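Q: Please take a close look at one part of this model, a sheet and the helix that lies on it. Describe how the pieces are arranged, and then turn to a helix pair elsewhere in the chain.

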Amino acid sequence: MSTDSLSYFRWLFSKDLLRDGETLPVTPLTKSILATVICIGVATALRAAVDPFVTGVPFVFYFPAILLATLAGGLKAGGMSLVLATFISRFAFMAPRWSIRIDNASDAIGLTLFVLCAGAVVAVVHVFRISIAGHHKALGRERAAQAARADAERLSNALVENTPAGFAVINPAGDYVMLNDAFRRAGPPDAAKVVGRNMRDSTTPIGEQIARLVDAVLSRKEATENDEVSWSDSAAPGQRRSLLASAFPILDASGAIALVGITRVEITERRRWEQALQFREEHFRLAIEAAALGTWDYDLVNRAGSWSSLAAEMHGLPPDTDPAIDTLVALFDKDSIRAGEAALGGAMTTGELSFEYRVATGPAEGRRMLSQGRLTRNAQGRPVRVIGIVRDITGERENAERERSQLQLLQGMTNALPQLAWMADATGRLTWLNDRWFAYTAMNPGTPEDEGWRDSAHPDDQAMMVEAWSQSVRTGAPFEVEIRIRRFDGLYRPFLVRARAVRGAGGRIAQWFGSCTDITVIADVRDMLTRDRAELERLVAERTTELTNAIAELQREADRRIEAETLAMRAKRLDALGQLTGGIAHDFNNFLAAILAGADLASRHAASDPARSAQELATVKTSAMKASGLVRRLLAFARQQPLEPRSVDANLAIAEIADILRRTAGDDVQLEIVPAAGPCEVTIDVTELENALLNLVANARDAMPDGGVVRIVTRLLETAGRVEITVSDNGPGISEDVRKRVFEPFFTTKPDGKGTGLGLAQVYGFIKQSGGDVQLNSPLDGGTSIRLLLPWTATAPAPTPADRRPRVLVVEDEALLALSAADELERAGYVVAVAGNLKEADKALAEGPAIDACLIDIGLPDGRGDLWARALRDRQPLCAIVVSTGYERTARPFSPGDVRLRYLGKPFLPQAIPAAFTEMGVAGVGAGAPS
């Protein structure tokens, strides 16, 4: 194996193992185990693959495997590979298998030879690896030495070229022997830039400086340092550049000057910083003088001092006065001298000096000064210098004295008050109590700040008092509490404690002034009033109990009367219901008679006259639909009919029946229809809406026997999310008693035989079932208006894409109805799947393609179809759903505004199913279209 291959193979086994996102270092033993397992595993797999075709040669694949394992993992890997290969060969590929015993002597000899030969291979490869490793180490050391020499040479050149200081070497004749880039960049454009050029060829200040330094070194044979030269920068007009150059001799073996070295550093920025520092020092000096601060500096070692002219003027001395310390101390009084010595002694420890003193003599006699300073030490930690400022505080001290005098006056005045007065600082700490406090509580007069005053309050009041005081101190709000304070004889009396904050400059709280007022008399009166109030409340409670019992008796009497009226009303309703039932039975029997007669005639003429038979069947269909309409209207009265809501513009719905409404109103009544300015989309059963409007117009007509005006006004209440349809007339109005019962079933003001009392009740039930509301307004001075408030549909459903035939699932347990519906849908261009129950419907959804629409009956053998359809709506929100029902009392699980839902009441024509799907945006395509 080549060296590159061996390196790659070892690299393969030197990688880290990854487990659970963490890196695990691979130890040499782990590498050996990995090499053994991989190599022997591959060899065993190859041997097992050829085992059915070749007998014998159990060791042929293990020699290269042991060789590779030894190369990759070393001697340990080779030994483990040899042992593992021996056991696998014996137990897996030599007879008898899985037995320690060897029956054949040739197999025993072969196994022994394999162990010996493989061991020799391991030993030879290990020796080979050791020799290769030694060769690599020797080669690596040689390469490292060469690299180190090259790095040293590059480093030397880089140091010369990249050092920020300019460096050049010149021979005694003045020619440049070597120069770096920094030396070239430092000079102006005509400076020496080329090796071999003479330094005297340049007439610039830099060239003259270099010539001067070289001549000095050649003449004195010693180095010349820190020669500065400056010139105007042509690249930046108005600015100057500065260089600091040094020259030193380079001697040969005989001690003669062989070369002259030049180093130079540009100090332009340093000069700019020095100028800026000088400006700042001047600015600082002016600021100190503007703040009326004098400065001083005292040398502790030499006992010499200095002060600013302003400091001298503060002490009444001329600015040029000798700054000796004795000159200043001579102005102090004895107390000030002692204070200064004490402050200086303290500064030796703390490093800070601060003391006040008074000028005793001279023009500034009587002035008070505040001196502050800071001590500095040398490298050995010994104090060497004190620098500080001095400030005239005479005015501040005079103001403080005036405030103290005013405070003493205030305290004297408050001591004369009958209340217990006190003062506290901005933090709430008590600072003063008047004499009345100490006389009342017998507290020790010298210690108001000891918080002992709190113990004077009653123990039950202390927590409340401390909490209220803390709140006032924190917020600045006035403090006011009622507490009990202990008198000197131990008696607790009630006090009203008040305090207000006194604010200083900037609105900050400076201190608090408070007082404690004895309210014993007030408390006694309050207790007496409390007792009187309790007695009054007792008398009121007794009278209230008597009134409550009387009211309860009246309520029971009223309940008995209401119960009697309810029984009477129920009897009246039963009588009206009997009349209604008779009328409905009469109408329904008429429809049944027409259906039976038509069916009989159709069956008799089916063979002889097909055209007449078809005409008679059409009559049967019409009679059946009329009977269905009768049942639907009856259910509308009960508010339990399955509505068929769809999205429609209320303006268009009213316009379509405008002629019928005018004929209903009659010739003596003028009908005015005022539509809204824009669309008024509502989701509602259009047929029932038309019936409601017909009922309202008929009622308005009957209320105006001599004629009048009926107005139908539509408008959009966008903020409320409603569409309002108002039907109003200018009739005589409705009385208060009638208004309370106008929507009550069977209630009517018309003569017997002129009305059933179901019209307005049916309108009310239909609008409430559609999620809307009905409002009646009929003042006694004339006119009646009924407002129908319907839910507004803000958006219309998006149509189903028409590039394929929609898929419809029909779920119906009546086979004939399912067959009829499927046939009609297929002829209308739909792909239809039929299920007889909910289990089959679930299977069709799971195994078949997605559906676009669903027709489902409510009553199915294994559950409610509408509940299953609601679950389908959750899974497929855009699926169009038609629910068929004959009669359904319970609340359906769909919202009234669901625009992709229709209810079909049985019986219905098959053509109604695709029409309902088309209204919801799922239209069929031509028969034979691709599915």
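A: Helix α11, residues 334–350, lies across three strands, β10, β11 and β12 (383–392). Relative to β10, helix α11 runs at about 175°. The model is a predicted one, and the description below refers to that prediction.

The strands under discussion belong to an open sheet of five, with the order β9-β8-β12-β11-β10 and antiparallel pairing. Its edges are β9 (304–307) and β10 (352–358), each of which pairs on one side only. From one strand to the next, the twist averages 20°.

At the β10 edge, the partner is strand β11, residues 368–377. The two strands run antiparallel and are joined by seven bridges. Within this pairing, Glu 356 stands opposite Leu 370 in β11.

The helix pair consists of α23 (residues 838–847) and α24 (residues 865–875), whose axes come within 11 Å and cross at roughly 15°. Because of that angle, α23 counts as roughly parallel to α24. The crossing of α23 and α24 is right-handed. On the α23 side, the contact is made by Leu 838, Ala 841, Asp 842 and Leu 845; α24 contributes Gly 865, Trp 868, Leu 872 and Arg 875. By class, the residues of this contact between α23 and α24 divide into five nonpolar, one polar and two charged.

Note on methods. Residues are numbered from 1 along each chain as its sequence is written. This is a predicted model: local features need pLDDT of at least 70, side-chain atom pairs count only at pLDDT 80 or more; totals for chains, interfaces and linings use all residues. Side-chain values use heavy atoms; hydrogens and water are left out. Axes are lines fitted to C-alpha atoms, for helices over the stretch in contact, and angles run from 0 to 180 degrees between N-to-C directions. Helices (H or I, at least four residues) and strands (E, at least two) are DSSP runs, numbered from the N terminus. Angles under 35 degrees count as roughly parallel, over 145 as roughly antiparallel, 65 to 115 as roughly perpendicular and the rest as oblique. A crossing is left-handed if the near helix is turned anticlockwise from the far one by less than a right angle, and right-handed if clockwise. Contact means heavy atoms within 4.5 Å. Ala, Val, Leu, Ile, Met, Phe, Trp, Tyr, Cys and Pro count as nonpolar, Asp, Glu, Lys and Arg as charged, and the others, Gly among them, as polar. Two strands pair if DSSP finds at least two bridges between them.
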